[in-house]
Number of protein chains: 2
Amino acid sequence: MAQKEYTVDNTNLDKHISQSFNEELETIKNQVLAMGEVVEQQIADAVESIVNVDKELAKKVVAIEDDVNVREVRLDELCVEVLACRQPAAGDLRMILSATNIIRDLEHIGDEAEKVAKMSLTLAKKGAAPGGYEEVRHMGELVHTMLNSVLDAFNRLDVTQALAVAKADKKVDREFKSAMRVIVTYMMEDPRSIKRAMNIITALRALERMGNHSRSIAEHIIYLVKGLDVRHTSIKEIASKLGQ
Amino acid sequence: MAQKEYTVDNTNLDKHISQSFNEELETIKNQVLAMGEVVEQQIADAVESIVNVDKELAKKVVAIEDDVNVREVRLDELCVEVLACRQPAAGDLRMILSATNIIRDLEHIGDEAEKVAKMSLTLAKKGAAPGGYEEVRHMGELVHTMLNSVLDAFNRLDVTQALAVAKADKKVDREFKSAMRVIVTYMMEDPRSIKRAMNIITALRALERMGNHSRSIAEHIIYLVKGLDVRHTSIKEIASKLGQ
């Protein structure tokens, strides 16, 4: 993904007079996007490591996890600092609260990418799973696109695009269920492959959870821009609330 | 669990002059504890429903999930309102931020309890799994105790007890791994049981995640009381930071 450029779009947020406050909000947004790019790369690398049995790449994904954790903690600190010193209200408050929620989701996606990479290392050691690699690649592409798109929606405060990402999560869930059926069939045909099949299932489940977290980020964006809490709400209801 | 009583203990928090602000903080704390009790009951009921093949109890757990979601959204609204109107600093700010994080973890635990209840319904319909019920009961007891204890630690702002809960999560992880080994053996012995075994694995994994979320709540309590961010930190390091 190319380096993202952005300008803080305050059309939907409240105006405030402090220039340095503006800069702080911009820094937070920038750093969320930067953390997002690292996690995007983690997904791509984790999937490639399992599909191509690339141990070095898997180790890289595991190693980068510390960096993601440090980013989460530092960004959280920054958000608390701005909350304490600036005492923001309305849209600015929502921006900071959304940022803290989004970085939590990003950190969880990083954790799940690490799990995929660890399964890649296990499979490289114990021998290939009886199948599921094509499914890992396909689900990996889906969730990578979701994360890329939802970060872009955050950058541009685009609720329509955020809604599209929330919708896409259903596709990931369907793919996961279908992949599970395929792998259970392999296990029944060859019980000796069960342990290795369980590793690929762990990887698929991790990808499915990345989809959930991307949807969660989409919901935070809708909250940020519209002030609507759309958790626990069906896509149809969200669309109707957004007038779409 | 008996109804919890508490008084807001501000010895570690900053003093503030507004009586009604105090009451708002007390309301938030009270409502977090009340939500926690509902979720505790969800865990106990979900585990019992799977062990005793009790479909009615499983349906109750699924039905109560809406209530938990509503509590999460309302409590979050209240926290944002207090943040916006009171513009709290230091310990008060940490109390509100911790509360928003804790209710998120509680909601996730409720989600996982719902998953266990759904697996209970599936197994009631498709026939028993080849094993794993004792493991569900045992892990269920562990995570129920963890949640009960961490809510009590939140009530009393007790970091020592929070640390003990964080430690207990390791035990849950070990139990999960051991349960997985047992069930994989069953699957290899009787491949026809694989689908049903996968359902009990889903339940066990849900319990394992409840342990993670309880540990996460413990970390938020340490942040609340001590101002220390102890995520991504080993138990040994946390204990050392707390001088324990």
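**Close-up views of a predicted two-chain model**

**Figure 1. Surroundings of Ile200(A) in helix α6 of chain A.** Ile200(A) is part of helix α6 of chain A, which covers residues 194-226. The structure shown here and in the following views is a predicted model. With a relative accessibility of 0%, Ile200(A) is classed as buried. Apart from neighbours within four places in sequence, Ile200(A) contacts Ile50(A), Leu123(A), Ala129(A), Gly131(A), Gly132(A), Tyr133(A), Val136(A) and Ile183(A). One of these partners, Val136(A), is 64 residues away from Ile200(A) along the chain, and the C-alpha atoms of the two are separated by 8.0 Å.

**Figure 2. Helix α4 of chain A and the residue that follows.** The 24 residues of α4(A), at 1.5 Å a residue, should span 34 Å; the C-alpha atoms at its ends are 35 Å apart, which agrees. Leu157(A), just after α4(A), takes a positive phi of about 50 degrees.

**Figure 3. Confidence along chain A.** The mean pLDDT of chain A is 93, and 93% of the residues score at least 70. Among the elements of chain A, the highest mean pLDDT (98) belongs to helix α4 (residues 133-156) and the lowest (94) to helix α7 (residues 235-241). Residues 1-12 of chain A have a pLDDT below 50, and this stretch makes 29 contacts in the model beyond near neighbours in sequence. The model as a whole scores ipTM 0.90 and pTM 0.92.

**Figure 4. Relation between chains A and B.** A turn of 180 degrees, with a shift of 0.0 Å along the axis, lays chain B on chain A with an RMSD of 0.0 Å. The two copies are thus related as by a two-fold rotation axis. In chain B, Gln87(B) has the C-alpha nearest the axis, at 2.6 Å from it. Of the interface residues of chain B, 100% are also interface residues in chain A, so the copies meet through the same surface.

**Figure 5. Arg205(B) and its contacts.** Arg205(B) lies in helix α6 of chain B (residues 194-226). Arg205(B) is buried but has no salt bridge; Glu208(B), the nearest side chain of opposite charge, is 6.0 Å away. Beyond neighbours within four places in sequence, the contacts of Arg205(B) are Thr202(A) and Arg205(A) in chain A, and Phe176(B) and Met180(B) in chain B.

**Figure 6. Salt bridges of Asp76(B).** Over all chains, the structure holds 32 salt bridges. In one of them, the side chains of Arg231(A) and Asp76(B) meet at 2.8 Å, N to O. Arg231(A) is in the loop between α6 and α7 of chain A, whereas Asp76(B) is in helix α2 of chain B (residues 55-86), so the pair joins two chains. Both Arg231(A) and Asp76(B) are buried. Asp76(B) also forms a salt bridge with Arg104(B), at 2.9 Å, N to O. Because Asp76(B) is in helix α2 and Arg104(B) in helix α3 (residues 90-126) of chain B, this pair ties together parts 28 residues apart in sequence. Arg104(B), at 14% relative accessibility, counts as buried. A network of salt bridges links Glu72(A), Asp76(A), Arg104(A), Asp229(B) and Arg231(B).

**Figure 7. The pair Arg209(B) and Glu112(B).** The side chains of Arg209(B) and Glu112(B) form a salt bridge of 3.5 Å, N to O. This pair links distant parts of the chain, with Arg209(B) in helix α6 and Glu112(B) in helix α3 of chain B, 97 residues apart. Arg209(B) is buried at 14% relative accessibility, and Glu112(B) is buried at 4%.

Conventions: Residues numbered from 1 in each chain as written. Chains lettered and ligands numbered in written order. Predicted model: local features only at pLDDT ≥ 70, side-chain atom pairs only at ≥ 80, totals over all residues. Heavy atoms only, no water. Least-squares fit on C-alpha atoms with pLDDT ≥ 70 in both. Contact = heavy atoms within 4.5 Å. Helix = DSSP H or I, 4+ residues; strand = E, 2+ residues; numbered from the N terminus. Buried < 20%, exposed > 50% of the residue type's maximum accessible area, 1.4 Å probe, protein only. Lys, Arg positive; Asp, Glu negative; His and termini not counted. Salt bridge = Lys/Arg side-chain N within 4 Å of Asp/Glu carboxyl O. pLDDT = per-residue confidence, 0-100. Expected span 1.5 Å × (residues − 1).
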